Amino acid sequence: MASPAKPDIYIDEETGLDHENSGTQEKPYKTVQYAYLQKNGEASFFTRDPESPPEEGVKWKPAAKAALKKAANYADAQRKKAGKANELAIREKQEQESREKALEEAKKIVIKDDPSLPEAHKIQLAEKIQLDPTPRVQVIGRVMRQAKQKNMLFVRLRDGTGYMQCLLAGDLANTYHAQTLTLESSILIKGQLKAVPSDHDAPMDRELHADYFEIIGKAPGGEDAITNKVQMNGDAQTLLDMRHLALRNEAISSVLYVRQAVEHAFATKYWELDFVKVSPPALVQTQVEGGSTLFEFDYYNEKAYLTQSSQLYLETAIPSFGNVYCIEKSFRAEKSLTRRHLSEYTHIEGELDFITFDDLLTHLEDLMCGVLSIVLAHPRTASMIKKLNPDFTMPERPFKRMKYSDAIQWLNEHDIKNEDDQPHVFGDDIAEAAERKMTDIINKPIFLTHFPTEIKAFYMQKDPQDPRVTESVDCLMPGVGEIIGGSMRMDNYEELMEAYTRNGIPSEPYYWYTDLRRYGTSPHGGYGLGLERFLAWLCKQHTVRDTCLFPRYMGRCKP
Ligand code: 4AD
């Protein structure tokens, strides 16, 4: 049978159009490749002859052999590509169907808590128990890691006390819930807890061989999976927006675990030292550390503030209780975004009665070293600190003591300039950057003392030897800078009244504070330690934003 005549197809590189035209003389294609592909090579292809004189009208000539060969190769490659894509789509469809089928099958597998087995004893994941004879236990936790193998599912659980490796095998691994298990789902597992060799990667060298499990709360997978929501190396702001989920990360939560251990250690140390804990108010009508960082609000038509420090209230308590302390929130309307400033922070404050300035410094060393000893004696906390800050060592006592005037000289000797890029002069407020440089170079705790009266708060006692300066102290730590601010308090009534005037503070709202100087005054002093900064130092964190549960700073009050 004669083969049907091949059609004539026309191509004009200048005026043709590939997609819109049909390849006739009136509507030519633009490229040989496209024309060839449309007809699968089964046509006679003509291109416009560019040499022919325009007055003779459009002339066509057979397409060049080289161009046709190139087009044939291209068409061949396209066909192969399409074939592969098609194959892949078919394979994916088959796989999807077989997955769906497998999941439908999996749904049919029903597991039961076998009543003939010994009753499962409820334990926490880090609880130590006898493994011989093998006990049957029940645990609850969230899935932090999982690995699938044929008929086996390894699941690592987390419950806050620790971690446990669990093995779901056979039918359990083939159930619908096991097949679709997602990270962060909460799950109950019963089974036999068995020892594993210590070279196995299993917490506490043991593994739970499940005989039953139940999903308590399934976490989303796919797009919404926690791994898509929280990326530890991602943008810091996004990570803070997702902090409610980011807290589940081991490194983040271990800083917060150390935090509670440190708070507990402070309470323990204060108890040992016979300090009495009091709880001053957060809503106040007086300032302590200058008006510029006050959060003001309307309190039943009166002006009030969120407290900047509980110090003045601690001073009211010493006549009743002797030495006192508190662990409360303080608030500062800081207008800067540094790595050590928060708007809301936890302030550990102490006030000591009938002391000298030197007593205050000795107490601070004793307190900090005592707290560190308590914390490091707790194995879980110590191991977290070791992981977070491997080079941490207990500070040597006594801490280095340095007068403000000597620090000014030290900064100039080391060519560290003030904020105006000038050499430091007596009276300068040592800025954060200069202070940190100095602390990092000296690289040990420093008690920086005797700051000039003008740059310190109104209540600070003047040094009897040199009234230009106060009996004040900042404790500076490498990597962070100031973590404590403290001083002796002005205890003379007249002097305090003058200090209010000098600082432009109306004395009337402070009547209760002033009265302390009238009703049996005493040489006394105290300090405030920023818990977040202490932790940034101890756990080697770049910023105090990482040492609190939900940081608050300029521009962030969520979540
Ligand atoms: O030096 P400060 O302002 O001292 C006082 O408030 C005293 N009235 C305390 C007292 O004597 N009872 O603050 C004390 C400490 C600082 O050394 C720092 O650790 C911390 O509180 N601190 C802050 N921490 C985080 N963010 C802020 N904005 C902070 N402001 C102060």
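**Exercise 1. In what order do the three strands of the open sheet lie, and is the pairing parallel or antiparallel?**

Solution. The structure is a predicted model. Step one: the order of the open sheet is E11-E13-E12, and its pairing is antiparallel. Step two: E11 and strand E12 (295-299) are the edge strands, since each pairs on one side only. Step three: E12 is joined to strand E13 (residues 302-306) by five bridges. Within E13, Ala304 is the bridge partner of Phe297.

**Exercise 2. Locate Leu283 and determine which nonpolar surface patch contains Leu283.**

Solution. Leu283 belongs to strand E11 (residues 283-284). Its relative accessibility is 44%, so Leu283 counts as partly exposed; the bounds for that class are 20% and 50%. Together with Tyr299 and Tyr300, Leu283 forms a nonpolar patch on the surface, and the accessible area of the three is about 370 Å².

**Exercise 3. Describe the surroundings of strand E17.**

Solution. Begin with the side chains of strand E17 (residues 446-449): Ile446 and Leu448 point one way, Phe447 and Thr449 point the other way, and all are buried. Next, consider the partners. Strand E16 (residues 400-403) runs parallel to E17 and is joined to E17 by four bridges. Strand E20 (residues 472-477) runs antiparallel to E17, again with four bridges. Finally, take Leu448 as a reference point: Met402 stands opposite Leu448, and in E20 the bridge partner of Leu448 is Asp474.

**Exercise 4. Relate helix H16 to the largest nonpolar core.**

Solution. Step one: eight of the eight residues of helix H16 (residues 531-538) are buried, so the helix is largely enclosed by the rest of the structure. The buried residues include Glu532 and Arg533 as well as Phe534 and Trp537. Step two: the largest nonpolar core has 49 residues, and those touching the most other members are Val258, Val262, Phe266, Met368, Tyr527, Phe534 and Leu538. Helix H10 (residues 357-376) gives the most to this core, with ten residues. Step three: leaving aside residues up to four places away in sequence, Phe534 touches Val262, Phe266, Met368, Val371, Leu372, Ile483 and Leu529. A second, separate core of 21 residues includes Ile123, Val139, Met164 and Ala173. In soluble globular proteins, nonpolar side chains tend to be buried together.

**Exercise 5. Which parts of the chain does the salt bridge between Arg136 and Asp211 tie together?**

Solution. The side chains of Arg136 and Asp211 meet in a salt bridge at 2.8 Å, N to O. Arg136 lies in strand E5 (residues 136-149) and Asp211 in strand E9 (residues 206-217), so the pair ties together parts that are 75 residues apart in sequence. Arg136 counts as buried because its relative accessibility is 9%, whereas Asp211, at 24%, counts as partly exposed. Both residues also belong to a network of salt bridges with Asp113 and Lys190.

**Exercise 6. Analyse the salt bridge between Arg489 and Glu351.**

Solution. The N to O distance between these side chains is 2.9 Å. Arg489 lies in the loop between strand E21 (481-488) and helix H14 (493-502), and Glu351 in strand E15 (residues 344-353), so the pair ties together parts that are 138 residues apart in sequence. Arg489 and Glu351 are both buried.

Technical notes: Residues numbered from 1 in each chain as written. Predicted model: local features only at pLDDT ≥ 70, side-chain atom pairs only at ≥ 80, totals over all residues. Heavy atoms only, no water. Patch = residues over 30% accessible without salt bridge, like charges linked within 9 Å, V, L, I, M, F, W, Y side chains within 5 Å. Areas by Shrake-Rupley, 256 points an atom, 1.4 Å probe, with all protein chains shown as cover. Salt bridge = Lys/Arg side-chain N within 4 Å of Asp/Glu carboxyl O. Helix = DSSP H or I, 4+ residues; strand = E, 2+ residues; numbered from the N terminus. Buried < 20%, exposed > 50% of the residue type's maximum accessible area, 1.4 Å probe, protein only. Core = buried A, V, L, I, M, F, W, Y, C linked by side-chain atoms within 4.5 Å. Contact = heavy atoms within 4.5 Å. Pairing = 2+ DSSP bridges.
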